[in-house]
Amino acid sequence: MKNLKIVLLALLVVFKGEVKAQSPALLSLEAFAAKLKQAKEPQILDARSAEEFVQNHIKDAVNVDAKAADYQQKLDGLDKEKPTFVYSIANGRSTVLSRELRAKGFKDVEELPGGLANWIGSGYPIISTTKKGVSLSKAQFNELTASSPLVLVDFGSRYCGACKKLVPVLDSLKANSAFTPKVISIEVYDNTNLAKELKVNVLPTLVLYKNGKEVWKKQGFSSTAQVIATTELAKSGLAANNK
């Protein structure tokens, strides 16, 4: 029995080592950007849908959508020796693509940490095709956040899986007559400049404004109970940021 435990422990260590080798730690955003800038003939792969890619993407990126008919054809056309940079809106689809590339023998694959949302919110440049009149200016946004004593702003995207999980929470808040804040949803894909200016680099992000001033900020999922509790604290002047 003792020998069996030793063998199982050894196998576990080997397994963990293999997993670590297949999924190397992500570079920091700054290191990713620096390596991308210095790379010779980089292959930049956008793992999102074609619809998302058309709206905005990193310069010189190529759309490689796993659901597209030409997906494998595009992968086969890549050079395994060239540095390859992969991203999606967060780190869902990009992680899947990165693993597949490494399994195919690509020598140098880097995944954008936090995805395009982090890239945009941190102020890095993108190619955007958002039409004028769709995006909000900072002045217009300030008017919205000051349009009610309490305003809850949801920064998300219709393409973001984590954002979709927050929709029922927002719907329940809007249907709750006792919940006094005005609820506003901002599509980040249409408001990349605003996201950059406000440093919104994780989707979804909820921000609560009191008399036009930010009093609470939460990245990721928030429950209905958590938002209501935070609102009550804001009314008493005790709310604090919680990223």
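In which helix is Ser-98 found? The residue belongs to helix 5, which spans residues 93-103, and in this predicted model Ser-98 is buried, with a relative accessible area of 0%. Leaving aside residues up to four places away in sequence, Ser-98 touches Val-86, Val-109 and Glu-111.

**Overall composition**

The protein has 10 helices and 10 strands, and buried residues account for 42% of its 243 residues. Among the contacts between residues at least 6 apart in sequence, 70% join residues that are at least 24 apart.

**The parallel sheet**

One open sheet consists of 4 strands in the order 3-1-4-5, and its pairing is parallel. Strand 3 (62-63) and strand 5 (109-111) are the edge strands, each of which pairs on one side only. Strand 1, formed by residues 43-46, pairs with strand 3 in the parallel sense over 2 bridges, and Leu-45 stands opposite Val-62 of strand 3. Helix 2 (residues 29-38) lies across strand 1, strand 4 (84-87) and strand 5, and runs at about 135 degrees to strand 4.

Helix 2 also provides the largest share of the lining of the largest pocket, namely 3 residues. This pocket has a volume of about 310 Å³, and of the 13 residues that line the pocket, the closest to its centre are Leu-36, Ile-44, Ile-58, Lys-59 and Asp-60.

**The mixed sheet**

A further open sheet, again described by 4 strands, has the order 8-7-9-10 and mixed pairing. Strand 8 and strand 10 (213-219) stand at the edges with a single partner strand each, so one side of each is left without a neighbour in the sheet. On average, and with direction ignored, neighbouring strands of this sheet are turned by 20 degrees against each other. Strand 7 and strand 9 pair in the antiparallel sense over 6 bridges, and the bridge partner of Val-151 is Tyr-209 in strand 9.

Helix 8 packs on this sheet, touching strand 7, strand 8 and strand 9, and its direction makes about 160 degrees with that of strand 7. Helix 10 lies across strand 7, strand 9 and strand 10, and runs at about 25 degrees to strand 9.

The helix-to-strand angles given for the two sheets are collected here.

| Helix | Strands contacted | Reference strand and angle |
|---|---|---|
| Helix 2 | strand 1, strand 4, strand 5 | strand 4, about 135 degrees |
| Helix 8 | strand 7, strand 8, strand 9 | strand 7, about 160 degrees |
| Helix 10 | strand 7, strand 9, strand 10 | strand 9, about 25 degrees |

**Helix 8 in detail**

Helix 8 comprises residues 161-175 and has a kink of about 30 degrees at Val-167, shortly before the proline Pro-168. The buried residues of this helix are Cys-163, Leu-166, Val-169, Leu-170 and Leu-173. An α-helix has 3.6 residues a turn, so residues three or four places apart point the same way. The buried residues of helix 8 pack against strand 7 (150-156), strand 8 (182-187) and strand 9 (205-210), and also against helix 10 (224-236).

Technical notes:
Residues are numbered from 1 along each chain as its sequence is written. This is a predicted model: local features need pLDDT of at least 70, side-chain atom pairs count only at pLDDT 80 or more; totals for chains, interfaces and linings use all residues. Side-chain values use heavy atoms; hydrogens and water are left out. The bend at a residue is the angle between axes fitted to the seven residues ending there and the seven starting there. Buried means under 20% relative accessible area, exposed over 50%, partly exposed in between (1.4 Å probe, protein chains only). Contact means heavy atoms within 4.5 Å. Two strands pair if DSSP finds at least two bridges between them. Axes are lines fitted to C-alpha atoms, for helices over the stretch in contact, and angles run from 0 to 180 degrees between N-to-C directions. On a 1 Å grid over the protein atoms alone, a cavity is a set of points where a 1.4 Å probe fits but cannot get out, and a pocket is an open set with protein on both sides within 12 Å along at least five of seven lines; lining residues have an atom within 4 Å of a point. Grid points are joined across faces, edges and corners, and a volume is the space filled by probe spheres set on the points.
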